[in-house]
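Work through the exercises below with the model open. Try each task before reading its solution.

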Amino acid sequence: MLADRYISASGLVGGRLDHMGRMVKFALELQKQVKHFNHDHGTDLDVISSIHSGDVVVGTVGSSNMAFDVWGDTVTAANSILAQGKLSRGSILVSQPVFEFLQDAYYFDKLNPDPSSGALQPLISMWRLVGAAKQQLEVA
């Protein structure tokens, strides 16, 4: 099994009111691209996303082999969501604040954290995205 982590962020520069929705759209597009890659190359790769919102610290790390990194309690919480959830292929998991902000735009199922997961933080309320964007009602 091949495993790795990729951290992405939205709203770092200039602050964006739609940063949570942009991250869900990014996760959905990432799933779509991995599915196409699998089809084209006969592979069986998977991507599971966790989305949380909050303050982060960003910067470059290292002197000879520099890398841009993002860290802080928000990143730890997003990692904890992955650690304490019962993950299925292609899951997009979100924290309570993200769910509350996006519940009118997307369909979610409440997940119960796995207390035996060994998560580093207290158990976090989390939700799994189960449906694409809800249709917006047009008012005439």
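The exercises go from the overall fold to the cores, one residue and the largest pocket; the model is predicted.

**Exercise 1. Fold**

Task: State how many helices and strands the protein chain has, and give their order.

Solution:
- Step 1. Count the elements. The protein chain has three helices and six strands.
- Step 2. Read from the N terminus. The order is α-β-β-β-α-β-α-β-β.
- Step 3. Turn to contacts between residues at least 6 apart in sequence. Of these, 59% join residues at least 24 apart.

**Exercise 2. Surface and burial**

Task: Find what share of the protein chain is buried, and what share of its accessible surface belongs to carbon and sulfur atoms.

Solution:
- Step 1. Take the residues. The chain has 140, and 27% of them are buried.
- Step 2. Take the surface. The accessible area is about 9,800 Å². Carbon and sulfur atoms hold 54% of that surface.

**Exercise 3. Nonpolar cores**

Task: Identify which residues touch the most other members of the largest nonpolar core, and which elements supply this core.

Solution:
- Step 1. Start with the members. The largest nonpolar core has 14 residues. I51, V94, L102 and F108 touch the most other members.
- Step 2. Trace the elements. At least two residues each come from α1, β4 (92-95), α3 (96-102) and β6 (126-131). Helix α1 gives the most, with four residues.
- Step 3. Look beyond this core. Another core of six residues lies apart from it, and A77, I81, L93 and M126 are among its members.
- Step 4. Add the general trend. In soluble globular proteins, nonpolar side chains tend to be buried together.

**Exercise 4. M20**

Task: Decide whether M20 is buried or exposed, then list its contacts beyond four places in sequence.

Solution:
- Step 1. Place the residue. M20 sits in helix α1.
- Step 2. Apply the cut-off. M20 has a relative accessible area of 10%. Buried means under 20%, so M20 is buried.
- Step 3. List the partners. Leaving aside neighbours within four places, M20 contacts S53, P97, V98, F101 and L102.
- Step 4. Check one pair. M20 and F101 are 81 residues apart along the chain, yet their C-alpha atoms are separated by 7.8 Å.
- Step 5. Cross over to L102. With the same neighbours left out, L102 contacts M20, G21, V24 and F108.

**Exercise 5. Largest pocket**

Task: Describe the lining of the largest pocket by element and by class.

Solution:
- Step 1. Give the volume. The largest pocket has about 1,400 Å³.
- Step 2. Find the centre. Of its 40 lining residues, Y6, I48, S49, S50 and L82 are closest to the centre.
- Step 3. Assign elements. Two or more lining residues come from each of α1 (19-41), β1 (49-51) and α2 (73-84). The largest share, seven residues, comes from α1.
- Step 4. Sort by class. The lining has 24 nonpolar, twelve polar and four charged residues.

Conventions: Residues are numbered from 1 along each chain as its sequence is written. This is a predicted model: local features need pLDDT of at least 70, side-chain atom pairs count only at pLDDT 80 or more; totals for chains, interfaces and linings use all residues. Side-chain values use heavy atoms; hydrogens and water are left out. On a 1 Å grid over the protein atoms alone, a cavity is a set of points where a 1.4 Å probe fits but cannot get out, and a pocket is an open set with protein on both sides within 12 Å along at least five of seven lines; lining residues have an atom within 4 Å of a point. Grid points are joined across faces, edges and corners, and a volume is the space filled by probe spheres set on the points. Ala, Val, Leu, Ile, Met, Phe, Trp, Tyr, Cys and Pro count as nonpolar, Asp, Glu, Lys and Arg as charged, and the others, Gly among them, as polar. A nonpolar core is a set of buried Ala, Val, Leu, Ile, Met, Phe, Trp, Tyr and Cys residues joined through side-chain atoms within 4.5 Å. Buried means under 20% relative accessible area, exposed over 50%, partly exposed in between (1.4 Å probe, protein chains only). Contact means heavy atoms within 4.5 Å. Accessible areas come from the Shrake-Rupley method with a 1.4 Å probe; for residues, only the protein chains shown count as cover.
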